[in-house]
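Colleague: I would like to learn how to read a metal site in a model like this one. Please take it step by step.

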Amino acid sequence: MAKAMARRPDIGRIAKVLISFKKGDALSGRVRRTLVRTLYTQPSSMALGAATGIVSSLVAATVSGSPTMYALSLALSIVAVARVGAAFNMSPDDTGTSTRQLETWYEVGAFTYALLLGVTAATTLVLHLAESVELLMTANAIGYGVGVTSRNAGRPAIALGQLTLVFLPLFFACLYLGTLPYIVLGATILMMIPAMASITLNVFKVLRESIAAAEESSQLADKMKVLAQTDVVTNLANRAGLNHAMSETLADLPDKQKLALIWIDLDRFKEVNDLLGHPVGDRVLQEVGRRLQIVSPEKATVARFGGDEFVVFCTVEDRRESERLASEIHAEIMRSFRIDGERLEIRASLGVALLPDDAENADTLMQRADLALYHAKVNGRHQTRFFDPSMSRDLARRREIEAELRSAIQKDELSIYFQPIVDLATGRIRAFEALVRWFHPEKGEMRPGEFIPVAEETGVIVTLGNWITAQAAKACTQWPDDVTIAVNLSPLQIKAPGAALGILAALREAKLEPSRLELEVTENLFLEDSEATEAFIDDLSAQGVRFALDDFGTGYSSLGYINKYPFKKIKVDRSFVSGPDVGRKTDAIIRAVAELGARLDMDIVAEGLETIEQVEVVREAGCTLGQGFYFSRAVPDYTAAMLLSQEREEGPLRKVAGQ
Ligand code: C2E
Ligand code: MG
Ligand code: MG
């Protein structure tokens, strides 16, 4: 009774499985496919089973000589051969065949074969053929039924269908024969159905769970892979994602197509972050990402590289298409943003390179676009540059300069020249500006405008700057006490740790009063990192060092900086004095700056004075000091000393008034 109770749920489960099979069970498509695949794996085991079936039935037919057996053996052989042929030909990996089709084919073959085998075995019993023939076929049929339940446990409905179809004819034959041993055999065969069903279902459960677990972890791995290739802020591809997309696109790039890589850098994005905070910065990045996706073709990959750099990568028909795309991208980024009701304008620099025109592989394509972007930035930002080979030459030259610059100081190839800064009222020298000069043994004189930026990029500027300050301070000690020395400082130098201490040490070593040193800085200095800059200026001002704002009028020309920092001098850029833009407007600007200087007790220096007329104009406009070729070019220290002694003995070097 208890046993019968225990068996009942088994039968219920079997029924459920069979029903669910017909309805299409709840297994996910991929798990189900994997399970169906187990039916088709090892077709050799099926071939072996088929061979034993064919041989046994043929032997049974020959030994018994029964025409029924011959007919059954023939039918069995045809079905067996067809099944094996199909199993070898149909592949579960072939996406053209649906899971349902694979299953149905297998089902039809398996059920027919099982039924034929069962009927053949049952016939040997019913016809009372030779005992050996009965044994051969019965053993074959029972063995097949048992074996097939474990082989096909991946699809239990099929396995149990086969089992039932092979066993039932035998069971009915036993009942028909009716003797005790046959009845016991029939009962045994019948009992084996639920027993084998239970085993099959257990194997199926384990199989299904492990396949589902494997499936889940492979899905998780896929998800992780996607995450690893995604930028969290914008949801765009990150560098890894871009690399992946690039290698995939490159692998099957049609012959006539080109690949365009557009590298975008937002101009002065750091200011957005600093002024409005990182959350707003992130929203700007998200919005830029969104716009890039909208404006780029569907096939394009849009990626964000840490910070404010984006890359759009896609196939294009020709160069013109990439030009069009770059200009659309640029216009789209420039469209003003609205964030929390605030209007915001973002500008960007773009560098573009094409494959195969500019590069032969993904790596060089990136390098070339990066180089083009670098040129866009160096040329004043807010523009698009396409790569051209001269950029590589520039890069090579910069690398060369970098290598040579490091040893130039030791080799004594560098020297400091001094250009006088003259009082426009008296014509007397009030200061000298120290200007570095590099006399290269092979290349001749190198201009600071060429090597200072390289020194800044590579960090050599710190060593170079300290050396210049030390040399300049030493030279100044040779001059009368009322003559000061002006030294140019690059923003990078100021940000280096211990920058202020380095300058004070140079002064101490040269035994120069701090008040005789004047440091010239440009507005670029104030664009970033105001804390370090403030500390630097405060520390040195407290010691008596003075500051001058250089190249005024070329940058932001912000009165804010003049108000915030203790400048003693403003140097008006030479483009206001000479050059194509000089006119009524520049004159008015100089006057306004000069008036400001007078009120704030600052000296206003006019740079780039080349003629007496220019001297007169700026003097009349209210500038107190002047500097330029009219007075003197930058000269070596001994010439500077000579100019001073000449002036002390003979009066002003050049007249400062026209009459
Ligand atoms: P700056 O500080 O504005 O220096 C003035 C530049 O104008 C110098 O060019 C000078 O030779 C040039 N100049 C002076 N008078 C005239 C004139 O009447 N007409 C014309 N056309 N030019 C005139 P230089 O020496 O080539 O230096 C260029 C820039 O390189 C400097 O501009 C400065 O920003 C930077 N620099 C030069 N020496 C140093 C240095 O020792 N350290 C750092 N950090 N920068 C330096
Ligand atoms: Mg200067
Ligand atoms: Mg200047």
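Colleague: Which residues coordinate the magnesium ion (ligand 3)?

Modeller: Donors are N, O and S atoms within 2.8 Å of the metal (3.2 Å for Na, K and Ca), and water is not among the atoms, so sites may look incomplete. In this predicted model, the magnesium ion (ligand 3) is coordinated at 2.0 to 2.8 Å by Asp-550 (OD), Asp-551 (OD) and Glu-607, the latter listed twice through OE. Along the chain these donor residues follow the spacing D-D-x55-E. Asp-551 lies in strand 13 (residues 546-552) and Glu-607 in the loop between strand 15 (603-606) and helix 22 (612-621), so the pair ties together parts 56 residues apart in sequence. Strands (E, at least two residues) and helices (H or I, at least four) are DSSP runs, numbered from the N terminus.

Colleague: Is Glu-607 buried or exposed?

Modeller: Buried means under 20% relative accessible area, exposed over 50%, and partly exposed in between (1.4 Å probe, protein chains only). Glu-607 has 11% relative accessibility and counts as buried, while Asp-551, with 26%, is partly exposed.

Colleague: Which residue bridges the two magnesium ions, ligand 3 and ligand 2?

Modeller: Asp-550 does, and the ions lie 3.9 Å apart. The protein donors of the magnesium ion (ligand 2) are Glu-433 (OE), Asn-488 (OD1), Glu-520 (OE) and Asp-550 (OD), 2.0 to 2.2 Å from it. Of these, Glu-433 is buried at 5% and Asn-488 is partly exposed at 29%.

Colleague: What conventions apply?

Modeller: Residues are numbered from 1 along each chain as its sequence is written, with chains lettered from A and ligands numbered from 1 in the order written. Local features need pLDDT of at least 70, side-chain atom pairs count only at pLDDT 80 or more, and totals for chains, interfaces and linings use all residues, while side-chain values use heavy atoms, leaving out hydrogens and water.
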